[in-house]
Each structure stands twice: as C-alpha cells, then as structure tokens.
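Trainee: Could you take one part of this molecule and walk me through it closely? I would like to see how that part ties in with the rest.

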Amino acid sequence: MIIGDPYTISIQIEQIDTLCSPCGMFNFIINDKLIPGKGVTIDLYVIISSLKDSLALFSKESTLDVGSRPLENMDFSEGEPEGLIYLNSAGLYDYGCNFWLGFDGDEERLIYTLDYENTFQEIRYPKGTVEKLIQSLPPAEDLV
C-alpha cells in the first residue's frame with residue numbers, strides 16, 4: 001500500500017507477517033527512491049506509533065522554526081539541533097536512516113540521513129506535507 005503522493009513524498013507499507021506484532025516493509029518514497037529500501041521484518045506497529053507520537057510532541061512546541069539556517073551549520077552530534085523535531089522512525093535506524101523536521105516560514109524542511117548520520121540530506125515541502133502524510137498512516141492498532 002502506498003500512502004501519499006509518490007511524485008512528492010509517500011510511504012510504502014506492506015504487512016508480510018505477524019511475529020510479536022505486524023511486521024513487513026516500511027519505506028519513505030522520496031525523489032523516486034525507497035528509503036531505506038531494505039528490510040522485510042520491520043515492526044510496523046512500532047514505527048507507525050513512533051512517528052505519530054513524534055508529531056504529538058511537536059504540537060506542544062508548535063513555534064519551532066529553524067529558518068533558512070544552512071544544513072551544514074546544524075550540529076547533529078548531540079541528538080537533534082535546536083528547533084528540529086526528531087521523527088522517531090524506530091527500526092529504520094537499523095538500516096542507517098534517521099529523520100528530522102524543521103520549518104522555515106511556510107516550508108517544511110525534511111532532513112534525513114541514510115548512512116548512520118555520517119551525511120545529511122534535505123528536501124523542502126509546503127508546510128503540513130510531512131505531518132499530513134504521517135497522520136494519514138493507518139492507526140497502528142488496526143494492523144493487528
């Protein structure tokens with residue numbers, strides 16, 4: 001199942017088995033690439049719950065804005081830089097992936113790593129794009 005707009009940003013969820021909880025494939029689709037593009041036993045319940053919980057924490061701190069500060073000036077060595085929301089993607093870090101969300105006025109800045117935080121990439125979307133995508137994921141309890 002693909003959720004979102006695969007030409008902009010979307011998420012692929014495929015339940016393959018039920019071990020302790022539903023597991024399968026979970027990928028972000030960004031710029032025509034599946035991220036992480038591997039793993040068939042990712043705990044879907046944990047990742048969906050974690051992403052949605054990250055946004056719930058964000059709504060309490062809705063004044064965050066990193067502005068146009070360049071990505072190379074952000075220090076990720078102590079967790080997330082000030083002004084960014086850590087999007088807890090649970091088991092995807094096993095494959096080298098981590099995600100943060102920042103804001104610059106009417107834009108969202110999705111910052112991510114694919115190599116265990118050795119390098120970082122960024123893509124910008126209209127404000128609300130990533131939040132809407134995560135909120136449109138099925139409730140984790142519906143996967144059981």
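Mentor: Happily! One term comes up at every step: helices and strands here are DSSP runs, a helix having at least four residues and a strand at least two, and they are numbered from the N terminus. Keep in mind as well that this is a predicted model.

Let's begin at a loop, the one between strand 8 and strand 9, where you will find Tyr116. Tyr116 is not a glycine, yet its phi is positive, at about 60 degrees. Its relative accessible area is 43%, and because exposed means over 50% and buried means under 20%, Tyr116 counts as partly exposed.

Now look at the two strands on either side of that loop. Strand 9 carries Glu122, and strand 8 carries Arg109. These two side chains form a salt bridge, with their closest N and O atoms 2.3 Å apart. Because Glu122 and Arg109 sit in separate strands, the pair ties together parts that are 13 residues apart in sequence. The partners sit in contrasting surroundings: Glu122 is partly exposed, with a relative accessible area of 28%, whereas Arg109 is buried at 1%.

Strand 9 has another charged residue to show you, Arg124. Arg124 makes a salt bridge with Glu107, the closest N and O atoms being 2.8 Å apart. Glu107 lies in strand 8, so this pair ties together parts that are 17 residues apart in sequence. Arg124 and Glu107 are each partly exposed: relative accessibility is 32% for Arg124 and 32% for Glu107.

Arg124 also bridges to Asp104, where the closest N and O atoms are 3.0 Å apart. Asp104 belongs to strand 7, so here the tie joins parts that are 20 residues apart in sequence. At 22% relative accessibility, Asp104 counts as partly exposed, because the cut-off for buried is under 20%. Put the pieces together and you have a network of salt bridges linking Asp104, Glu107, Arg109, Glu122 and Arg124. A search of the whole structure finds four salt bridges.

Where does this part meet the nonpolar interior? The largest nonpolar core has 32 residues, and those with the most contacts inside it include Phe26, Phe28, Ile30, Phe99 and Leu110. Strand 7, strand 8 and strand 9 are among the elements that give two or more residues to this core, and so are strand 2, strand 3 and helix 2. Helix 1 gives the most, with five residues. Apart from this core lies another one, of seven residues, among them Met74, Phe76, Leu84 and Ile111.

Ile30 shows nicely how the core reaches back to our two strands. Beyond its neighbours within four places in sequence, Ile30 is in contact with Ile9, Ile35, Leu110, Tyr112, Ile123 and Tyr125. Strand 8 covers residues 107-113 and strand 9 covers 121-126, so you can find several of these partners there.

Follow the chain a little from Ile30 and you come to Asp32, in the loop between strand 3 and strand 4. Like Tyr116, Asp32 is a non-glycine residue with a positive phi, here about 70 degrees. Asp32 is exposed, with a relative accessible area of 74%. Then comes Ile35, joined to Pro36 by a cis peptide bond with omega at about 15 degrees. Pro36 is in the loop between strand 4 and strand 5.

Helix 1 deserves a stop too, and Ser54 in helix 1 is a good place for it. Ser54 is buried, at 6% relative accessibility. Leaving aside neighbours within four places in sequence, Ser54 is in contact with Ile85, Tyr86, Leu87 and Asn88. The side chain of Ser54 reaches the backbone nitrogen of Asn88 at 2.8 Å.

Finally, you might look for sulfur bonds, but a search of the whole structure finds zero disulfides. The sulfur of Cys23 is 8.9 Å from the closest cysteine sulfur, in Cys20, and that is too far for a bond because a disulfide needs the sulfurs within 2.5 Å. Cys97 is in a similar position, as its closest cysteine sulfur, in Cys23, is 18 Å away and too far for a bond. Cys23 is buried, at 2%, and Cys97 is buried at 1%.

Notes: Residues numbered from 1 in each chain as written. Predicted model: local features only at pLDDT ≥ 70, side-chain atom pairs only at ≥ 80, totals over all residues. Heavy atoms only, no water. Core = buried A, V, L, I, M, F, W, Y, C linked by side-chain atoms within 4.5 Å. Buried < 20%, exposed > 50% of the residue type's maximum accessible area, 1.4 Å probe, protein only. Contact = heavy atoms within 4.5 Å. Polar contact = N/O pair within 3.5 Å; in protein donor to acceptor, adjacent residues only side chain to side chain.
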